Amino acid sequence: TAGVLVSGVFQSRFEEVAQIVKGAIDEGRFGRITLGDAYVKWFRSQEYYDATIGRGTWGYDGGGALMNQGIHAVDLLQWFMGPVESVSARVSTIGHTGIEVEDNAVATLRFRNGAFGVIEGSTSIYPGFPKRIEISGTAGSATLEESVLTTWSFAQPSPSSPSDEVIVRAYGHRPAGSGGAADPVAIGFEGHRKQLDDLLRAIDEGGQPRIDGEEARKSVEIVLAIYRSARDRREVFL
């Protein structure tokens with residue numbers, strides 16, 4: 001309405017390894033995709049929540065382990081898998097006191113393409129583990145831990161360049177790093193830089209950013225549907 005650009009910050013999509021996974025999906029290398037899962041098993045101490053007024057509240061954070069810490073994994077999952085048809089979920093505050101939002105959440109998903117999925121999010125898992133995305137199909141599977149491919153296996157070799165061997169050498173066989181698993185300061189900024197470059201390009205050229213407002217809403221709507229499912233104890237259709 002105001003005639004300005006709007007973009008949501010989902011910097012994980014701008015990582016090269018995430019784009020490689022998306023490209024393989026778009027090429028059909030996974031065959032019929034059957035499962036898509038996201039796991040954010042992180043740790044935040046009680047002191048983390050106590051240190052700042054408003055932290056761990058609905059008004060300040062808008063949600064807990066899913067909306068605050070896990071939203072980027074949810075975004076990658078729906079970007080890879082396509083629209084979510086329905087969710088069934090449970091959320092609870094188990095490992096912390098004095099906070100309004102969830103520190104544990106589990107959801108099962110059905111995607112419009114017929115595949116199933118699971119989302120697990122937590123801030124009460126010591127010592128905290130790398131964010132993990134798993135995509136599985138009838139002809140291939142990939143596991144992405146932070147920016148490292150720990151699984152990259154297909155029934156048929158890559159029809160395009162680079163080859164699977166080159167991809168594994170470049171993005172596998174190295175420590176995944178902790179990301180924000182136990183310390184928010186450890187979260188990298190390279191994806192943010194690339195997204196800001198994209199937004200500035202859109203402003204300069206008069207186009208749209210790669211993640212406009214409509215695109216940015218998708219993962220948020222999934223998390224809100226998970227909250228509704230947990231609150232009402234029913235399956236929620238998007």
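**Exercise 1. Is Glu146 buried, partly exposed or exposed?**

Work it out from the relative accessibility, then place Glu146 in the fold and look at its backbone.

*Solution.* Keep in mind that this is a predicted model.
- Step one: take the cut-off, with buried meaning under 20% relative accessible area.
- Step two: Glu146 has 14% relative accessibility, so it counts as buried.
- Step three: find Glu146 in the loop between β6 (140-145) and β7.
- Step four: check the backbone, where phi of Glu146 is near 50°, a positive value in a residue other than glycine. For background, most residues other than glycine have a negative phi.

**Exercise 2. Find Arg233 and decide whether it is buried or exposed.**

*Solution.*
- Step one: go to the loop between α8 (213-232) and β8 (236-237), which holds Arg233.
- Step two: read its phi, near 55°, again positive in a residue other than glycine.
- Step three: the cut-off for exposed is over 50%. Arg233 has a relative accessible area of 64%, so it is exposed.

**Exercise 3. Track down two cis peptide bonds, one ending at Pro127 and one ending at Pro162.**

*Solution.*
- Step one: look at the bond joining Tyr126 and Pro127, which is cis with omega about 5°.
- Step two: place Pro127 in the loop between β4 (116-122) and β5 (132-137).
- Step three: move on to the bond from Ser161 to Pro162, also cis, with omega near 0°.
- Step four: place Pro162 in the loop between β7 (148-154) and α6 (164-171). As a reminder of the general pattern, most peptide bonds are trans.

**Exercise 4. Describe the surroundings of Thr93: which residues does it contact, leaving aside neighbours within four places in sequence?**

*Solution.*
- Step one: locate Thr93 in the loop between β2 (84-92) and β3 (104-111).
- Step two: list the contacts, namely Ile99, Val101, Glu102 and Asp103.
- Step three: look across to Ser124, 31 residues away along the chain, whose C-alpha atom is 9.2 Å from that of Thr93.
- Step four: add the accessibility. At 33%, Thr93 falls between the cut-offs of 20% and 50% and counts as partly exposed.

**Exercise 5. Which residues have the most contacts inside the largest nonpolar core?**

*Solution.* Start with the general idea: in soluble globular proteins, nonpolar side chains tend to be buried together.
- Step one: the largest nonpolar core here has 49 residues, and Phe80, Ile119, Ile133 and Ile135 have the most contacts inside it.
- Step two: ask what supplies the largest share, and you get helix α5 (residues 71-81), with eight residues.
- Step three: zoom in on Ile135. Not counting residues up to four places away in sequence, its contacts include Ile25, Phe30, Leu77, Phe80 and Met81. Gly140, Ser141 and Ala142 are also among them.

**Exercise 6. Step back: how does the chain's radius of gyration compare with the globule rule?**

*Solution.*
- Step one: count the elements, eight helices and eight strands.
- Step two: the radius of gyration is 18 Å, close to the 18 Å that the rule gives for 238 residues, so the chain is as compact as a globular protein of that length.
- Step three: add the dimensions, with the C-alpha trace spanning about 55 × 40 × 35 Å along its principal axes.
- Step four: look at packing. Of the 238 residues, 45% count as buried. Residues 24 or more positions apart account for 72% of the contacts with a separation of 6 or more.
- Step five: turn to the surface, where about 12,000 Å² is exposed and carbon and sulfur atoms supply 54% of it.
- Step six: finish with charge. The mean positions of the 24 positive and 31 negative charges are 4 Å apart.

Technical notes:
Residues are numbered from 1 along each chain as its sequence is written. This is a predicted model: local features need pLDDT of at least 70, side-chain atom pairs count only at pLDDT 80 or more; totals for chains, interfaces and linings use all residues. Side-chain values use heavy atoms; hydrogens and water are left out. Helices (H or I, at least four residues) and strands (E, at least two) are DSSP runs, numbered from the N terminus. The radius of gyration is taken over C-alpha atoms; the globule rule is 2.2 Å times the number of residues to the power 0.38. Buried means under 20% relative accessible area, exposed over 50%, partly exposed in between (1.4 Å probe, protein chains only). Contact means heavy atoms within 4.5 Å. Accessible areas come from the Shrake-Rupley method with a 1.4 Å probe; for residues, only the protein chains shown count as cover. Lys and Arg count as positive and Asp and Glu as negative; His and the chain ends are not counted. The place of a charge is taken as NZ of Lys, CZ of Arg, CG of Asp or CD of Glu. A nonpolar core is a set of buried Ala, Val, Leu, Ile, Met, Phe, Trp, Tyr and Cys residues joined through side-chain atoms within 4.5 Å.
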